[in-house]
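Got the viewer open? Let's take a short walk through this one, selecting a piece at a time.

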Amino acid sequence: MDWAELLRALALVLVIEGLMPFVAPGRWRQALIHIVGLGDRALRTVGFLLIGAGVILLNFS
C-alpha cells in the first residue's frame with residue numbers, strides 16, 4: 001500500500017462523513033445530540049462493531 005492509496009481512502013471517508021450534514025442537517029444534528037447522551041459502554045460497543053465491520057470489508061477487497 002502506498003501513500004496515494006491511503007490518501008484516497010481518507011478522502012473517501014471525508015466524502016462519506018460529509019454526506020449527512022449536507023443532505024439532512026437537522027436529522028444529523030438530532031443524531032449527534034442522541035450520541036452525546038449515550039454512555040461510554042454503548043459508544044465502545046458501537047465503535048467495536050464499526051471496527052469489526054471495517055476489518056471484514058477490508059478482507060473482502
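Start by selecting residues 40-60, which make up helix α3. What you have in hand is a predicted model. Run your eye along those 21 residues: from the first C-alpha to the last, α3 reaches 30 Å, close to the 30 Å expected at 1.5 Å a residue. Now switch on the surface. How many of the residues in α3 are buried? The count is zero, so α3 is hardly covered, given that buried means under 20% relative accessible area.

Next, zoom out to the whole protein chain. You'll find three helices and zero strands, and going from the N terminus the order is α-α-α. Turn the C-alpha trace around: along its principal axes, the trace spans about 40 × 30 × 20 Å. The chain has a radius of gyration of 15 Å, whereas a compact globule of 61 residues would come in near 10 Å. What you saw on α3 fits the wider picture, with buried residues making up 0% of the 61 residues in the chain. The accessible surface totals about 5900 Å², and carbon and sulfur atoms account for 73% of that.

Now pick residues 3-23, helix α1, and look for Phe 22 there. Is Phe 22 buried or exposed? Phe 22 counts as exposed, because its relative accessible area is 72% and the cut-off for exposed is over 50%.

Keep Phe 22 selected and add Leu 12, Val 15, Ile 16, Leu 19 and Val 23: together these residues make a nonpolar surface patch of about 670 Å². While you're looking, a general point about helices: an α-helix has 3.6 residues a turn, so residues three or four places apart point the same way.

Key: Residues are numbered from 1 along each chain as its sequence is written. This is a predicted model: local features need pLDDT of at least 70, side-chain atom pairs count only at pLDDT 80 or more; totals for chains, interfaces and linings use all residues. Side-chain values use heavy atoms; hydrogens and water are left out. Helices (H or I, at least four residues) and strands (E, at least two) are DSSP runs, numbered from the N terminus. The expected span of a helix is 1.5 Å times one less than its number of residues. Buried means under 20% relative accessible area, exposed over 50%, partly exposed in between (1.4 Å probe, protein chains only). Patches are made of residues with over 30% relative accessible area and no salt bridge: like charges are joined within 9 Å, nonpolar side chains (Val, Leu, Ile, Met, Phe, Trp, Tyr) within 5 Å. Accessible areas come from the Shrake-Rupley method with a 1.4 Å probe; for residues, only the protein chains shown count as cover. A salt bridge is a side-chain nitrogen of Lys or Arg within 4 Å of a carboxyl oxygen of Asp or Glu. The radius of gyration is taken over C-alpha atoms; the globule rule is 2.2 Å times the number of residues to the power 0.38.
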